[in-house]
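Student: I'm new to this structure and would love a close look at one part of it. Could you pick a single strand and walk me through its surroundings?

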Amino acid sequence: MNKKLLRQDIAKKIAAMSRETRELNSNIIREKIIALKEYRAAKIVLLYVPLSDEVNITRVIEDALVSGKRVALPVVQGERMIFRVIDPSWLNHLREGSLHVMEPIDHYPELNTENAEALFILTPGRAFSEAKDRLGRGKGYYDRFLSSLSHKPFLAAAAFDLQIVHHIPTDDHDKRVDCIITEKREIR
């Protein structure tokens, strides 16, 4: 199955889930993420504001802020993606970005990733394979961002178990994740 068809297939499966099931599964996934040793050890975490058809990780953002971690959320600027460091009032300072994703407003400072060690990144995705390949939404922002980092971060993904497939077609520039957390399993 090509990438476009796979994205469509997964979108249909997620749409068929009830809102209650999505939220219940999101709760399980959030607790598993917060319990990860790599998350707990991280000083800087890069998260994202979830879309309605993604695992709701909002409480992970809140946990990271309460835990004293530096938390940054993505902002798309043209062909590149940057991350802005947020504070506890972040929910009041979001705007819809160019891809209809909620982003922190410009008054938040850009994270300097040059010396960003102990970095934990939670990445969204449309589908994942058991080999930890990631299929995004097709724009390549995360792959380009990850390629720009000088240090290797711990790269995790939050996904509903139905987003795990046997095989994902990949290209040379596609980045694998280190760990996928679903409501049913942890794939490493």
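Tutor: Happy to; what follows is a tour of strand 6 and its neighbors. Please keep in mind that this is a predicted model.

Let's begin with the sheet. Seven strands form an open sheet, an arrangement of 7 strands in the order 3-2-1-6-9-11-12, and the pairing in it is mixed. The edges are strand 3 (80-85) and strand 12 (186-187), each of which pairs on one side only. In that order, strand 6 sits between strand 1 and strand 9.

Now for strand 6 itself, which covers residues 119-123. How many of its residues are buried? The count is 5 of the 5, so strand 6 is largely enclosed by the rest of the structure. In a regular strand, side chains alternate between the two faces of the sheet. Here, L119, I121 and T123 are buried on one side, while F120 and L122 are buried on the other, so both faces of strand 6 are covered.

Next, look along the sheet to the partners of strand 6. On one hand there is strand 1 (residues 44-46), which pairs with strand 6 in the parallel sense over 3 bridges. You can find this pairing by looking for I44, whose bridge partner in strand 6 is L119. On the other hand there is strand 9 (residues 154-158), also paired with strand 6 in the parallel sense, over 4 bridges. Here T123 has A157 of strand 9 as its bridge partner.

One step further on, strand 9 pairs with strand 11 (residues 179-181), again in the parallel sense, over 3 bridges. A156 is a good place to look, since its bridge partner in strand 11 is C179.

What packs on these strands? Helix 5 (residues 141-148) packs on the sheet and touches strand 1, strand 2 (70-77), strand 3, strand 6 and strand 9. The direction of helix 5 makes about 70° with that of strand 3. Helix 2 also reaches this region: it lies across strand 6, strand 9 and strand 11, running at about 145° to strand 11.

Finally, follow helix 2 (residues 19-35) to helix 4 (residues 58-66): the two pack at an angle of about 30°, with axes 9 Å apart. That makes helix 2 roughly parallel to helix 4. The crossing is right-handed. On the helix 2 side, N27, R30, I33 and I34 meet R59, V60 and D63 of helix 4. By class, this contact has 3 nonpolar, 1 polar and 3 charged residues.

Note on methods
Residues numbered from 1 in each chain as written. Predicted model: local features only at pLDDT ≥ 70, side-chain atom pairs only at ≥ 80, totals over all residues. Heavy atoms only, no water. Axes fitted to C-alpha atoms, helices over the stretch in contact; angles between N-to-C directions. Parallel < 35°, antiparallel > 145°, perpendicular 65-115°, else oblique. Left-handed = near helix turned anticlockwise from the far one by under 90°. Contact = heavy atoms within 4.5 Å. Nonpolar A, V, L, I, M, F, W, Y, C, P; charged D, E, K, R; others polar. Buried < 20%, exposed > 50% of the residue type's maximum accessible area, 1.4 Å probe, protein only. Pairing = 2+ DSSP bridges.
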